[in-house]
Amino acid sequence: MSEFSLAEQLEQVCQRINEPGYKDLQSNPMDAIQYHVVGFTSLKWLWCPTFVGLAESNWVHNFMVLMGLSPTDIEDADSIYGTANPVTLVRLWAPELTKKSFALTRQDPDWKSILFVQHPIHRLVAFYQNNLEEYHDDSYYNLGIHIVETYRDQAKLRFQDFVQTVDDFKTPIELPHFWEYIQFVLDRGASGPYNLPHLIRPIYRLCDVCPGNYQYIVKTESIAQEDPFLFQKLGFPSDFQGHTTNKGYKYEKLMKDAPKYLEKISLEDQKRLHEMYRLDFELFGYHMKY
């Protein structure tokens, strides 16, 4: 289980972060508490979901089953509750955490805290695949248009023929190229991690990692193997099967896809990404080859 292999390394990195000289690297605790960390009072769980893709939906499903919802209710969440967003759905059952209530969870030995982590490059690729590589109304109009308008001229100088379009519209829609998307990430990240969309913001900025004292740190790349152990530690019923549809295939494919996407950007940009997510690499034992 990951919490054993990562705990000592995480503690060592956190000690360095807290030393003088590590300027502006710690997260704003109230930003994490108010906008991302979720507290289940009835279950006494603290949870910070940080990754993109199927595993997040699977764990929302698991939580909802324990909260008493049927699988049908969960599948129909959009029509019943007006949201299909996993974290928004969870918050319907999780009272908003305050500075005081967050501190109390750290003092009560019965509370269990869970942090899901994912390789920074896998998160970046998954976000691109899920939101920008194909046409989606919200993602395109909220972010895709801005990326294309800002970086398309630079991209045309770099690539001879790459323009991605959606042809089933009266006016073809130009979708962001992966290179353009990475330029957006690098530019936004350079002006401050809080300017990045939360799903690709460095994890140490999202979950108040060092003061949070998470007991269970789960790498999503091996989540299918780690789930049964986590179910046991969190007190799930012994016959609980969990929601794991296609989980292994999803991450196996993502890990194979990531190097192909990295080939689309320069070595210099790869190094800049590594530096931007340096603390995530160090905190959670990830590595990057370039």
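Student: What makes the four strands β1-β2-β3-β6 an open sheet with edges?

Tutor: In this predicted model, 4 strands line up in the order β1-β2-β3-β6, with mixed pairing. Strands β1 (38–40) and β6 (216–219) each have a single partner strand, so one side of each is left without a neighbour in the sheet. On average, neighbouring strands here are turned by 20° against each other, direction ignored.

Student: How do you know that β2 and β3 are paired?

Tutor: Pairing asks for at least two bridges between strands. Strand β2 (residues 45–48) and strand β3 (residues 112–117) are joined by 4 bridges, so the criterion is met. The two strands run parallel, and W45 stands opposite K112 in β3.

Student: Which helix packs on the sheet, and which strands does this helix touch?

Tutor: That is helix α13 (residues 223–233), which touches β3 and β6. The direction of α13 makes about 160° with that of β6. To count as touching, heavy atoms must lie within 4.5 Å.

Student: What share of the chain is called buried?

Tutor: Buried residues make up 49% of the 290 residues; the label requires under 20% relative accessible area.

Student: Where in the chain is confidence lowest, and where is it highest?

Tutor: Helix α2 (residues 29–35) has the lowest confidence, with a mean of 57, while helix α15 (residues 267–276) has the highest, at 95. Across the chain the average pLDDT is 77, and 69% of the residues score at least 70. Where pLDDT is low, the predicted coordinates should not be read in detail.

How values were computed:
Residues are numbered from 1 along each chain as its sequence is written. This is a predicted model: local features need pLDDT of at least 70, side-chain atom pairs count only at pLDDT 80 or more; totals for chains, interfaces and linings use all residues. Side-chain values use heavy atoms; hydrogens and water are left out. pLDDT is the predictor's confidence in each residue, from 0 to 100. Axes are lines fitted to C-alpha atoms, for helices over the stretch in contact, and angles run from 0 to 180 degrees between N-to-C directions. Buried means under 20% relative accessible area, exposed over 50%, partly exposed in between (1.4 Å probe, protein chains only).
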